[in-house]
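Here is a friendly walk through one protein model, from its sheet to its core. Please keep the viewer open as you read.

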Amino acid sequence: MSEVSFSREDLNIYQTICSALDMDNWNYEKDEEKLVVKTGARGDDLPMDLILRVNTKLKIVSLFSFLPVKFPKDKIVEGAVATCMATYGLADGSFDFDLSDGSVLFRLTSSYRESIISEEVIKYMLYVGASTIDEYNDRFLMLAKGMIDIDKFADSGNN
């Protein structure tokens, strides 16, 4: 197994992520070889898995969350449209839809190229990400299961 080498800048960002989580008493798992942290949150309805990753090539920190939903083949178009609708109204972050398997991913990034990211930026990413996911995850799930249609998905965001 080859040893991976990271720049001081990359390691500092990773340490900042861990420090931000520690400050707010988050439970998390570290993968120092990949500069990845896995954690989670519980919203109003569904649990959320959150992954924070330092991308050393792009010099960004990414927060990812795979929503616990898969759109069946007969609902792929609805899933894609709903993903676009949800993302359009977001101030930060985006939902990505995988046409090949009907999965939905939330992503939020912040660049650290020629800059410094503070614990407050990491906390912002975590709390905005969790809040956004919590707002939409049940709606995506209900749409995928046929419990609501695309019009109801759109209307439920205006409450």
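The sections below cover the basis of the model, the sheet, its hairpins, the long helix, the core and two buried polar residues.

## Basis of the model

This is a predicted model, in which local features need pLDDT of at least 70 and side-chain atom pairs count only at pLDDT 80 or more, while totals for chains, interfaces and linings use all residues. Residues are numbered from 1 along each chain as its sequence is written, and side-chain values use heavy atoms, with hydrogens and water left out.

Helices (H or I, at least four residues) and strands (E, at least two) are DSSP runs, numbered from the N terminus. Two strands are said to pair if DSSP finds at least two bridges between them.

## The sheet

Let us begin with the strands. Six of them, in the order β1-β2-β3-β4-β6-β5, make an open sheet with antiparallel pairing. The edges are held by β1 (28–31) and β5 (94–98); each has a single partner strand, so one side of each is left without a neighbour in the sheet. Ignoring direction, neighbouring strands are turned by 25° against each other on average (axes are lines fitted to C-alpha atoms, for helices over the stretch in contact, and angles run from 0 to 180 degrees between N-to-C directions).

As a reminder, strands of a sheet pair through backbone hydrogen bonds, either parallel or antiparallel.

## Three hairpins in a row

The antiparallel strands β1 and β2 are joined by 4 bridges, and Y28 stands opposite T39 in β2. These two strands form a hairpin with 4 residues between them, and L35 in the turn has a positive phi of about 55°.

Next along the chain, a hairpin of 4 residues joins β2 to β3. Strand β2 (residues 36–42) and strand β3 (residues 47–55) run antiparallel and share 7 bridges. You can trace the ladder through V36 with R53, K38 with I51 and G40 with D49. From β3 to β4, also antiparallel, there are 5 bridges, including the one between N55 and I60 in β4. The hairpin of β3 and β4 has 4 residues between the strands, and its K59 takes a positive phi near 60°.

## Helix α3

Helix α3 (residues 119–144) has 26 residues and spans 36 Å from its first C-alpha to its last. That is close to the 38 Å expected at 1.5 Å a residue, the expected span being 1.5 Å times one less than the number of residues. At Y136 the helix bends by about 30°; the bend is the angle between axes fitted to the seven residues ending at a residue and the seven starting there. Just after α3, G146 has a positive phi of about 80°.

## The nonpolar core

Which residues have the most contacts inside the largest nonpolar core? They are V61, F71, F95 and F140, in a core of 40 residues. Such a core is a set of buried Ala, Val, Leu, Ile, Met, Phe, Trp, Tyr and Cys residues joined through side-chain atoms within 4.5 Å. At least two core residues come from each of α1 (8–23), β3, β4, α2 (76–88), β5, β6 and α3. The largest share, 9 residues, is supplied by α3.

Contact here means heavy atoms within 4.5 Å. Not counting residues up to four places away in sequence, V61 touches I13, I17, L52, L108, I117, I122 and M125, among others.

## Two buried polar residues

Is S110 buried or exposed? S110, which lies in strand β6 (residues 103–111), is buried, with a relative accessible area of 18%. Buried means under 20% relative accessible area, exposed over 50% and partly exposed in between, with a 1.4 Å probe and protein chains only. Beyond its neighbours within four places in sequence, S110 is in contact with K59, I60, V61, I117, V121 and M125.

D134 belongs to helix α3 and is buried too, with a relative accessible area of 14%. Leaving aside neighbours within four places in sequence, D134 contacts G43, D44, D45 and M48. The C-alpha atoms of D134 and A86 are 12 Å apart, although 48 residues separate them along the chain.
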